[in-house]
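Please open the structure in the viewer and keep the selection panel at hand. The tour proceeds by selections, each followed by a description of what appears.

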Amino acid sequence: MALTYRCLIIDDESPAHKALISHISKFDELEHSGSAFSGMEALKMLNANPYDIIFLDINMPVISGVELMELQPNRPLTIVTTAYSDFALSAYQNDAIDYLLKPISPEKFAKAIEKAKTYFSGNNLKKEISPNSKALSYRINGQITEMPLQDIIYIESLGNYMKLYSTKLNLPHIIYGSLSSIASEIDCKSFVQVHRSYIVNTTKITAVTFKTLTMCNGEIIPVGRKYQILLDGFLK
């Protein structure tokens, strides 16, 4: 049976949805599985439903496409669809696989889908080789270490390094890397970025205020203004 990729369209303009639905309908392997007309609506849908590919507009009110990518670093494969060329660098820095300028030609759309299929082929192979997706692998003191995701409390950014706090460690591990890179390695909806310097395990939160989270180890984590919306789906 051929693979089918579930697609979510995120755009604040109805004509853009119609054009993308038309493009999607021409590919047997693509399924139009949802439409969001704002970044806020998209966040709720992404937290509630599984998608394989999102077609993301940049210029949207309240939450722009770039802001949505920053809020959801571990999101479905992203193809940016926009009328503006200015944001291509930001899109690629946030791991968009392609950047399509409107009006989108069938040829450009088809090339983007080929890129997506190539990505999925490689990603599926990677999962077959490394089936242990419930643990985070990292190097410390020259050795490769694995930590079960369920043991992680939160991760704090320190420039080019991070502090990894765990229920099994008295002191945090300090490892090389960035939050954006590690977020792509954590394939688990329990983890969410709540500040530019923090990713937390929502199952380890013991108390919530408007601006802070208290974790199970007693540490208080600040919540960035633009990240507050992400907590709604996790803490209800």
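The stops below begin with the sheet, continue to two helices and end at a pocket. Note at the outset that this is a predicted model.

**The sheet.** Select the five strands, which form an open sheet in the order E2-E1-E3-E4-E5. Their pairing is parallel. Next, colour strand E2 (30-36) and strand E5 (98-101), the edge strands, each of which pairs on one side only. Looking from one strand to the next, one finds a twist that averages 25°.

**Strands E1 and E3.** Now restrict the display to residues 5-10, strand E1, and residues 53-56, strand E3; four bridges join these parallel strands. Within this pair, select cysteine 7, which has isoleucine 53 of E3 opposite.

**Helices on the sheet.** Add residues 39-48, helix H2, which packs on the sheet and touches E1, E2 and E3. The direction of helix H2 makes about 130° with that of E2. Then show helix H1, residues 14-25, lying across E1, E2, E3 and strand E4 (77-82). Helix H1 runs at about 165° to E2.

**A pocket.** Finally, turn to the second largest pocket, with a volume of about 240 Å³. Select Glu70, Pro73, Asn94, Ser180 and Gln193: of the 13 lining residues, these are the closest to the centre of the pocket. Helix H3 (65-71) and helix H6 (179-183) are the elements that give two or more residues to this lining. Which classes of residue make up the lining of the second largest pocket? Colouring by class shows four nonpolar, five polar and four charged residues.

Key
Residues are numbered from 1 along each chain as its sequence is written. This is a predicted model: local features need pLDDT of at least 70, side-chain atom pairs count only at pLDDT 80 or more; totals for chains, interfaces and linings use all residues. Side-chain values use heavy atoms; hydrogens and water are left out. On a 1 Å grid over the protein atoms alone, a cavity is a set of points where a 1.4 Å probe fits but cannot get out, and a pocket is an open set with protein on both sides within 12 Å along at least five of seven lines; lining residues have an atom within 4 Å of a point. Grid points are joined across faces, edges and corners, and a volume is the space filled by probe spheres set on the points. Ala, Val, Leu, Ile, Met, Phe, Trp, Tyr, Cys and Pro count as nonpolar, Asp, Glu, Lys and Arg as charged, and the others, Gly among them, as polar. Two strands pair if DSSP finds at least two bridges between them. Axes are lines fitted to C-alpha atoms, for helices over the stretch in contact, and angles run from 0 to 180 degrees between N-to-C directions. Contact means heavy atoms within 4.5 Å.
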